[in-house]
Amino acid sequence: MEENHPDYESLGANSTLLQNAIAGAMAGIGEHCIIYPIDSIRTRMQVVSQSGPAKAIKDASRTQLRQQKNLWKGVYSVILGAGPAHALHFATYEYFKDKFSQKDILQTNSTFISNQLIASGTAGAIATLAHDSLMTPFDVVKQRMQLRDSTYKTVRECARVVYTKEGIKAFYISFPTTVSMSIPFQSVQFATYEYFRSKLDPKGSYSPKTHVIAGALAGAIASSITAPLDVIKTLLQTRGSSKEVVVQSASGFKDAAKIIYNRYGIFGFFRGFKARVLVNMPSTAISWSVYEYFKWFLASDKDDKFIDRI
């Protein structure tokens, strides 16, 4: 007798906002923690410094990977912020994706893909705005602690010093740039993930392999497109720790872009490009895999045996 399993493709609509939020929180914490050391290297490669890119890359990789533990500095800031931020992110995404999808009358495969891409991309943009509003201050603290010469011992100390010296503005000075980067990044990521997922698994079943591959491809494409904006965001978030007056005085997107271009030329906007892609490919794959698993697990029939869902 054939077992009666729930239709995985419909779980997004049937699962509750709480279930989506829990799955999102687990995905966010897992994603950021696992690839955190690589993210630290990316931050140090992107920071504008007088020592030059070659020394920054060398200092941020070989020696620190072998001898130092400070590649994990600031990880608690990510744990504190990523859980609630990703919970809000994925819950908002599922809610609006379902709302937008319900308005479409799907007749052909090509129409299906087109409508799904639009619904996923738009929902991703809205979810990103909610996510970044909550996560940006934690991201500022994280990047300050990731710097090679950071002296902060705890997340609380870093947040207190930044607030005392630079005020509340320091936690949100990069917000416009972050949003201008994150909205296209997440829109592309969500849309391409849904696209590759539908191509790799047309039946829409729960498939860890599909989620990993689709997530990795989506992360690589989205991170490549938005790399220049990420470099600008890093400069703005770490400007208070710089010893250069011109960097400290950067007040927004235009100033940061000008500093980077004058110092390194057009290639300056791609500092840390490889590290960014290497961070986002596995992190996006992990995020989607963990999220899809917990969404499936939480939305499965209560009568199912526990061992069948792990």
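Let's begin with one helix, α8, which gives the most to the lining of the largest cavity, supplying 7 residues. Keep in mind that this is a predicted model. Helix α8 covers residues 175-200, so you can pick it out as a starting point and look around from there.

Which other helices supply at least two residues each to this lining? Besides α8, they are α2 (17-34), α3 (36-46), α5 (75-102), α6 (109-146), α10 (227-238) and α13 (273-299).

Now for the space itself. Rolling a probe the size of a water molecule over the atoms shows where empty space is left. In this structure there are 2 cavities of 30 Å³ or more, and the largest has a volume of about 590 Å³. Its lining is made of 32 residues, and those closest to the centre are E31, H32, H131, Q186 and N280. What mix of classes does the lining have? It holds 14 polar residues, along with 9 nonpolar and 9 charged ones.

Stepping back, we can look at the whole protein. Its secondary structure consists of 13 helices and 0 strands, so from the N terminus on every element in the run is an α. Of its 310 residues, 54% count as buried. The chain also meets itself across long stretches of sequence: among contacts between residues at least 6 apart, 78% join residues at least 24 apart.

Finally, turn to the outside. The protein exposes about 15,400 Å², and carbon and sulfur atoms supply 62% of that area.

Note on methods. Residues numbered from 1 in each chain as written. Predicted model: local features only at pLDDT ≥ 70, side-chain atom pairs only at ≥ 80, totals over all residues. Heavy atoms only, no water. 1 Å grid on protein atoms, 1.4 Å probe; cavity = no way out; pocket = protein on both sides within 12 Å on 5 of 7 lines; lining within 4 Å. Points joined across faces, edges and corners; volume = space filled by probe spheres on them. Helix = DSSP H or I, 4+ residues; strand = E, 2+ residues; numbered from the N terminus. Nonpolar A, V, L, I, M, F, W, Y, C, P; charged D, E, K, R; others polar. Buried < 20%, exposed > 50% of the residue type's maximum accessible area, 1.4 Å probe, protein only. Contact = heavy atoms within 4.5 Å. Areas by Shrake-Rupley, 256 points an atom, 1.4 Å probe, with all protein chains shown as cover.
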